[in-house]
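Trainee: I'd like a close look at a single part of this protein rather than a tour of everything. Could you pick up one strand in the middle of things and walk me through what surrounds it?

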Amino acid sequence: MPSSSSAFISRRIPIGRGGRAGAVETRATGLGPVDDFDFTGRGDQILAALAQGPSQVVLVNPDGTRSTVLTAADGLQNPTSIGVRGRTAYIANAAYSTGTDPNLTVARLEPGPTRR
């Protein structure tokens, strides 16, 4: 899923028979700048660290629906990097706006249905 720091667009390119690329499918737009993202391990579902506005990590489902799952209330301070391993998400916080306490936020991913 290619992304851009100025405008996030999530796309999927299915691989068909013989290894040929299928038609490009746009899955999500309108998030604004995204600093980083990673797949949750549940199909095409991703977690994205928003680069502007309030510190947020959003969950983006394969159908493009999204929900905010982490905010400053959870310890985020300008999230800059995100990684998922198993059911754990690791979010590096640079604390650009506060200038204090750059840290690593660790969050557990809860199992649940994915949206198609």
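Mentor: Let's take strand β4 and work outward from there, with the salt bridges and a couple of other spots afterwards.

Keep in mind that this is a predicted model. For orientation, the protein has nine strands and zero helices, so reading from the N terminus you just go β-β-β-β-β-β-β-β-β. Of its 116 residues, 33% count as buried.

Now to β4, which covers residues 46-50. Five of its five residues are buried, so the strand is largely enclosed by the rest of the structure. If you look along the strand, the side chains split into two sets: Ile46, Ala48 and Leu50 point one way, while Leu47 and Ala49 point the other way. Whichever way they point, all of these residues are buried.

What does β4 pair with? The strand belongs to an open sheet of four strands, in the order β3-β4-β5-β6, and the pairing is antiparallel. The edges of that sheet are β3 (34-39) and β6 (66-71), each of which pairs on one side only. From one strand to the next, the twist averages 25°.

Start with the β3 side. β3 and β4 run antiparallel and are joined by five bridges. A handy landmark here is Asp36, whose bridge partner in β4 is Ala49. The two strands form a hairpin with six residues between them, and in that hairpin Gly41 takes a positive phi near 90°.

Then swing over to the β5 side. β4 and β5 pair in the antiparallel sense too, over four bridges. Ala49 turns up again here, standing opposite Val57 in β5. That makes Ala49 a good residue to click on, with Asp36 as its bridge partner and Val57 in β5 opposite. The hairpin of β4 and β5 has five residues between the strands, and Gly53 takes a positive phi near 80° in it.

One step further out, β5 (residues 56-60) pairs with β6 in the antiparallel sense, over five bridges. To find that pairing on screen, look for Val60, which stands opposite Arg66 in β6.

Back to the loop between β3 and β4, because there is a charged residue in it worth a look: Asp44 is partly exposed, with a relative accessible area of 21%. Asp44 forms a salt bridge with Arg12, and the closest N and O atoms are 2.8 Å apart. This pair links distant parts of the chain, since Asp44 sits in the loop between β3 and β4 while Arg12 is in strand β1, 32 residues apart.

Arg12 has another partner as well. The side chains of Arg12 and Glu25 meet in a salt bridge, at 3.6 Å from N to O. Again the pair links distant parts of the chain: Arg12 is in strand β1 (residues 10-12) and Glu25 is in strand β2 (residues 25-28), 13 residues apart. Put together, Arg12, Glu25 and Asp44 are linked in a network of salt bridges, and the structure holds two salt bridges. As for cover, Arg12 is partly exposed at 29% relative accessible area, and Glu25 counts as partly exposed at 28%.

Glu25 also leads you to Pro14, in the loop between β1 and β2. Leaving aside neighbours within four places in sequence, Pro14 is in contact with Arg20, Ala21, Gly22, Ala23 and Glu25. Pro14 and Val24 are ten residues apart in sequence, and their C-alpha atoms are 7.4 Å apart in space.

Finally, take a quick look at strand β8 (residues 88-93), which holds Thr88. Thr88 has a relative accessible area of 17%, and it counts as buried because that is under 20%. Not counting residues up to four places away in sequence, Thr88 touches Gly83, Val106, Ala107 and Arg108. Tyr90 is found in β8 too, but Tyr90 is partly exposed, with a relative accessible area of 36%. Tyr90, Leu104 and Val106 make a nonpolar surface patch of about 290 Å². So Val106 is worth clicking on as well, because Thr88 touches Val106 and Val106 is part of that patch.

Note on methods
Residues numbered from 1 in each chain as written. Predicted model: local features only at pLDDT ≥ 70, side-chain atom pairs only at ≥ 80, totals over all residues. Heavy atoms only, no water. Buried < 20%, exposed > 50% of the residue type's maximum accessible area, 1.4 Å probe, protein only. Contact = heavy atoms within 4.5 Å. Patch = residues over 30% accessible without salt bridge, like charges linked within 9 Å, V, L, I, M, F, W, Y side chains within 5 Å. Areas by Shrake-Rupley, 256 points an atom, 1.4 Å probe, with all protein chains shown as cover. Salt bridge = Lys/Arg side-chain N within 4 Å of Asp/Glu carboxyl O. Pairing = 2+ DSSP bridges. Axes fitted to C-alpha atoms, helices over the stretch in contact; angles between N-to-C directions.
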